[in-house]
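Let's go through this one by question and answer, starting with a pocket and then turning to the ligand and the strands. Have a look at the sequence and the model first.

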Amino acid sequence: MSKTLIVGNWKMNGSLAENAALLQAWVQARAGQSAADVAVCVPSPYLAQAQGLLAGQRIDWGGQDCSAHEAGAYTGEVSAAMLRDLGCRYVIVGHSERRQYHQESDDLVALKAQRALAAGVTPIVCVGETLADREAGRTEFVVKRQLSAVIHAVGHCSSEMVVAYEPVWAIGTGHTATPAQAQAVHAVLRAQLQAATAHAQRNRILYGGSMTAANAAELLAQPDIDGGLIGGASLKADDFLAIVAASPTRA
Ligand code: PGA
């Protein structure tokens, strides 16, 4: 079993000064030496800053999205190879905000995951149902459809990716899924990975959606919750460090 993985997702927040203060606080608190693996996904313009401040600190950094194209005339896009060039270990793909505001389809997300793996960057593949899906009893159908597109595209490389279950209704709302609700979906995703790859025990499945220092320990204690993808609480050093500190030690 891998260590718990706690990943900050700053979304479109930050400035050179704010980022430096936040990352320096993590470094000073020795977040890289904790029981959990720690990483942060920053806006592209700040990747070089993250690299400068985090290199050698055992805290990884990553992007929040990458292009489905390899290189070329795609103004405004950032390739997975560029992220790798900036030392990124991870890239988030298929976040619900990209699916919702940029009409990203399951197939596009799958291509992005494929590009990331080809460039040597671990994709953090986000899946999650809307409130309407949940109320219609479609949660399992939706998350399986989203993950299946990626598994199909990346094939035997599936064991190299991280999955994040982020119920859309829990993101930034303060309405966290209960540990039982989250665990039930994580178990479905685990079974799906197990059916696809012989190495599914390597996949870490993160929970994301209003995770805070107050609810992290209970969520992270669930058997199939291997870490967290943290939005709002990753913007405050103390809150994020408290989630890292609440992470269980795993072999
Ligand atoms: P939140 O965001 O922690 O602010 O709910 C999580 C995410 O969107 O990754």
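Q: How do the residues lining the largest pocket divide into nonpolar, polar and charged?
A: Keep in mind that this is a predicted model. The largest pocket is lined by 20 residues. By class, that lining divides into 8 nonpolar, 7 polar and 5 charged.

Q: What is the volume of the largest pocket?
A: Among the residues of its lining, M12, Q64, D65, R98 and H102 lie nearest the centre. The volume of the largest pocket comes to about 590 Å³.

Q: Which helix gives the most to the lining of the largest pocket?
A: The top contribution is 3 residues. They come from the helix spanning residues 96–101, and that is α4.

Q: Which residues come nearest to the ligand?
A: There are 13 residues around the ligand. Two of the nearest sit in loops: K11 between β1 and α1, and S210 between β7 and α9. The full set that comes nearest is K11, H95, E166, G172 and S210.

Q: How far is the polar side-chain atom of K11 from an oxygen atom of the ligand?
A: A polar contact needs a pair of N or O atoms within 3.5 Å. K11 brings a polar side-chain atom to an oxygen atom of the ligand. The distance between them is 2.7 Å.

Q: Which residue has a polar backbone atom 2.7 Å from an oxygen atom of the ligand?
A: Backbone atoms take part around the ligand too, and G231 places a backbone N or O atom 2.9 Å from a ligand oxygen. For the 2.7 Å backbone contact, the residue is G172.

Q: What is the distance from the side chain of N9 to the backbone nitrogen of K11?
A: N9 lies in strand β1, and K11 is in the loop between β1 and α1. The side chain of N9 reaches over to the backbone nitrogen of K11, at a distance of 3.0 Å.

Q: Why does N9 count as buried?
A: The cut-off for buried is under 20% relative accessible area. N9 counts as buried because its relative accessibility is 5%.

Q: What is the phi of K11?
A: K11 is a residue other than glycine, yet its phi is positive. S210 also has a positive phi, near 55°. For K11, phi is near 55°.

Q: Is S210 buried or exposed?
A: S210 sits in the loop between β7 and α9. Its relative accessibility is 16%, and the cut-off for buried is under 20%. Therefore S210 counts as buried.

Q: Which residues of β8 point the opposite way from G227 and L229?
A: In a regular strand, side chains alternate between the two faces of the sheet. Strand β8 covers residues 227–230, with G227 and L229 pointing one way. All four are buried, and the two pointing the other way are G228 and I230.

Q: Which residue of β8 is the bridge partner of L5?
A: Strands β1 and β8 run parallel and are joined by 4 bridges. Strand β7 also runs parallel to β8, through 3 bridges, and there L206 pairs with G227. On the β1 side, the partner of L5 is G227.

Q: Which residues of β6 are buried on the side opposite V162 and A164?
A: Strand β6 takes in residues 162–165, and both its faces are covered. V162 and A164 are buried on one side. Buried on the other are V163 and Y165.

Q: Which residue stands opposite V162 of β6?
A: 4 bridges join β5 to β6, and the two strands run parallel. The residue opposite V162 is I124.

Q: What is the bridge partner of V163 in β7?
A: β6 and β7 run parallel and share 3 bridges. Within β7, the bridge partner of V163 is I205.

Q: How far apart in space are P123 and I92, C-alpha to C-alpha?
A: P123 is part of strand β5 and counts as buried at 0% relative accessibility. P123 and I92 are 31 residues apart in sequence. In space, the C-alpha separation is 5.8 Å.

How values were computed. Residues numbered from 1 in each chain as written. Predicted model: local features only at pLDDT ≥ 70, side-chain atom pairs only at ≥ 80, totals over all residues. Heavy atoms only, no water. 1 Å grid on protein atoms, 1.4 Å probe; cavity = no way out; pocket = protein on both sides within 12 Å on 5 of 7 lines; lining within 4 Å. Points joined across faces, edges and corners; volume = space filled by probe spheres on them. Nonpolar A, V, L, I, M, F, W, Y, C, P; charged D, E, K, R; others polar. Buried < 20%, exposed > 50% of the residue type's maximum accessible area, 1.4 Å probe, protein only. Pairing = 2+ DSSP bridges. Near = heavy atom within 4 Å. Polar contact = N/O pair within 3.5 Å; in protein donor to acceptor, adjacent residues only side chain to side chain.
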